2 protein chains.
Amino acid sequence: MEIIRSKANHLVKQVKKLQQKKYRTSSYLIEGWHLLEEALAAKVPIEHILVSEEHVHRVSGLSNVTVVSSDIMQDLADSRTPQGVVAQLFLPNQTLPDVLTGKFLVLEDVQDPGNVGTMIRTADAAGFDGVFLSDKSADIYNMKVLRSMQGSHFHLPVYRMPMTAIFSALKSNQIQILATTLSSQSVDYKEVTPNPSFALVMGNEGQGISTFVADEADQLVHITMPGQAESLNVAIAAGILLFSFI
Amino acid sequence: MEIIRSKANHLVKQVKKLQQKKYRTSSYLIEGWHLLEEALAAKVPIEHILVSEEHVHRVSGLSNVTVVSSDIMQDLADSRTPQGVVAQLFLPNQTLPDVLTGKFLVLEDVQDPGNVGTMIRTADAAGFDGVFLSDKSADIYNMKVLRSMQGSHFHLPVYRMPMTAIFSALKSNQIQILATTLSSQSVDYKEVTPNPSFALVMGNEGQGISTFVADEADQLVHITMPGQAESLNVAIAAGILLFSFI
């Protein structure tokens, strides 16, 4: 069994680069056994699996496996407690289908990777049909987003495009657009029953939704808060709304 | 105006120690303008306010202010983008009242500081009357918990004690105990209407609730997930349940 121990190795250097967004043009990196299992279950093509020498027994039967030293794995892994495996996957080609129908979550300029990942995971749990991200939202192939998504990007399509393109796609498919505001001027979510096909827009952590979204949405909704906290975390608000609307 | 520029200064050393749990026996540290405003609004006694020299104009009129250099502030602040102010506050003495009534959130051994802070903030937003933390949960005076709580610990009491003590306090006050499971063997939350006084128990991120909690709770509840994700983040699940039960 050959074990790569040099950081100068071509494959190691190529995989390491994928930690940076600018190199993620055709591939990305996942880390840990749970995500690898999700990738295998979803039958997505896997370019390379890199496993540290202590864990090589866990990948028997898999193709495209390269064994690396623990030091190399430490360097390739992003988390503080590396699990001993990373894999290079092809970036999926997420083109919009001709006809859109169902329930969608739309994230407008959500910045925090943990929030983006958690909301996609929650939309997956709630059985949503897809997620739209504005082009100014956090990159979903960031390791932190991937960790908090827990493989949900293998279960539902995630489209990334400008907000104007998202809205024209939704409108041309007659999908009702609900947008979440912090203002009690809008309708409380408990009084809203969405159409069978709808999209829920969550705004930026600090700014909320843009005036474009507020103007173009079919319905503005808020969550009435009887307590003293000024606001909810955006991912918590999304969880409350997604599960209320299904 | 005297500006402290030495890390050897007695007050600076004392405040810096509060970053470590073992020194938080009678005081703790908050960071940033929002938390300071919340502390002032809640009228909690403030031992010391340390402000960096550029921001000294923002604390005019306040007592117990010490001005420090930007370098010192950088060292005292925990966040990557320090806001220029930290304050030392007395740890509150959270003793249980003789009679407990209302709505409570109970966290059993929740480990992640962000999850603990976000759930306390959500319970505050939902108008809950208090939060119980098992003694093995993350310390709420950890800077990361304080950041995600956004001052909610000034709005509602947070009691920390062993799970057995929490349950005996709840039971002796006839408070209905609901506990969240991952198992679909329990009742879906949409079919549950809690009593006017109830407590909702959320379990550890990996293990869920303990067998003690499962055995002693009055009602086990779960969130039905129509999608493919295996589970929800514990703070998201808490958000869905807290807002559903009010």
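What follows is a working chat about a predicted model with chains A and B.

Colleague: Before we go into detail, how many helices and strands are there in chain A?

Modeller: Chain A has eight helices and twelve strands, and please keep in mind throughout that this is a predicted model. Along the principal axes, the C-alpha atoms of chain A fill a box of roughly 65 × 45 × 30 Å.

Colleague: And what share of the residues in chain A is buried?

Modeller: Of the 246 residues in chain A, 43% are buried. If you look at contacts in chain A between residues at least 6 apart in sequence, you find that 77% of them join residues at least 24 apart.

Colleague: OK, now the two chains. What turn lays chain A on chain B?

Modeller: A turn of 180° with a shift of 0.0 Å along the axis lays chain A on chain B, and the RMSD is then 0.0 Å. That is the relation of a two-fold axis. In chain A, the C-alpha nearest this axis belongs to I240(A), at 2.3 Å from it.

Colleague: How many residues does the contact take from each chain?

Modeller: The contact takes 25 residues from chain A and 25 residues from chain B. On the side of chain A that touches chain B, helix 4 and helix 8 each supply at least two residues, and the residues of that side divide into 13 nonpolar, ten polar and two charged.

Colleague: Why do you say the copies meet through the same surface?

Modeller: The reason is that 100% of the interface residues of chain A are also interface residues in chain B, so the copies meet through the same surface.

Colleague: You mentioned helix 4 and helix 8. At what angle do they pack in chain A?

Modeller: Helix 4 of chain A, residues 113-125, and helix 8 of chain A, residues 234-244, pack at an angle of about 10°, and their axes are 9 Å apart. Angles under 35 degrees count as roughly parallel, and the two helices of chain A are therefore roughly parallel to each other.

Colleague: Which residues make that contact?

Modeller: Helix 4 of chain A brings N115(A), T118(A), M119(A), T122(A) and A123(A), while helix 8 of chain A brings V234(A), A235(A), A238(A), G239(A) and L242(A). Sorted by type, the residues of this contact are six nonpolar, four polar and no charged.

Colleague: And in chain B, how far apart are the axes of helix 4 and helix 8?

Modeller: In chain B the axes of helix 4 and helix 8 are 9 Å apart, with a packing angle of about 10°, and these helices of chain B are therefore roughly parallel to each other.

Colleague: Sticking with helix 8 of chain B, how many of its residues are buried?

Modeller: Eleven of the eleven residues of helix 8 of chain B are buried, so this helix is largely enclosed by the rest of the structure. Among its buried residues are I236(B), I240(B) and F243(B).

Colleague: What do they pack against?

Modeller: The buried residues of helix 8 of chain B pack against helix 4 and helix 8 of chain A, and also against strand 6, helix 4, strand 9 and strand 11 of chain B.

Colleague: Which residues have the most contacts inside the largest nonpolar core?

Modeller: That core has 149 residues, and the ones with the most contacts inside it are L105(A), V131(A) and V201(A), along with L105(B), V131(B) and V201(B). To take one of them, V131(B) touches F104(B), L105(B), L107(B), I120(B), A123(B), L156(B) and V158(B), leaving aside residues up to four places away in sequence.

Colleague: Changing topic: what is the phi of N64(A)?

Modeller: N64(A) has a positive phi of about 55° although it is not a glycine. Most residues other than glycine have a negative phi. N64(A) is found in the loop between strand 3 and strand 4 of chain A, and it is partly exposed, with 13 other C-beta atoms within 10 Å.

Colleague: S63(A) is in that loop too. Is S63(A) buried or exposed?

Modeller: S63(A) counts as exposed, because it has 8 C-beta neighbours inside 10 Å. The C-alpha atoms of S63(A) and S197(A) are separated by 41 Å, and the two residues are 134 residues apart along the chain.

Colleague: Last one: where is D109(B)?

Modeller: D109(B) lies in the loop between strand 6 and helix 4 of chain B, and it has a positive phi of about 55° although it is not a glycine. With 21 C-beta neighbours inside 10 Å, D109(B) counts as buried.

Methods
Residues are numbered from 1 along each chain as its sequence is written. Chains are lettered from A and ligands numbered from 1 in the order in which they are written. This is a predicted model: local features need pLDDT of at least 70, side-chain atom pairs count only at pLDDT 80 or more; totals for chains, interfaces and linings use all residues. Axes are lines fitted to C-alpha atoms, for helices over the stretch in contact, and angles run from 0 to 180 degrees between N-to-C directions. Helices (H or I, at least four residues) and strands (E, at least two) are DSSP runs, numbered from the N terminus. Angles under 35 degrees count as roughly parallel, over 145 as roughly antiparallel, 65 to 115 as roughly perpendicular and the rest as oblique. Two residues are in contact if their C-beta atoms, placed from the backbone, lie within 7 Å. Ala, Val, Leu, Ile, Met, Phe, Trp, Tyr, Cys and Pro count as nonpolar, Asp, Glu, Lys and Arg as charged, and the others, Gly among them, as polar. A nonpolar core is a set of buried Ala, Val, Leu, Ile, Met, Phe, Trp, Tyr and Cys residues joined through C-beta atoms within 7 Å. A residue is buried if 20 or more other C-beta atoms lie within 10 Å of its own, exposed if 12 or fewer, and partly exposed in between; C-beta atoms are placed from the backbone. Copies are superposed by least squares on the C-alpha atoms of residues with pLDDT of at least 70 in both.
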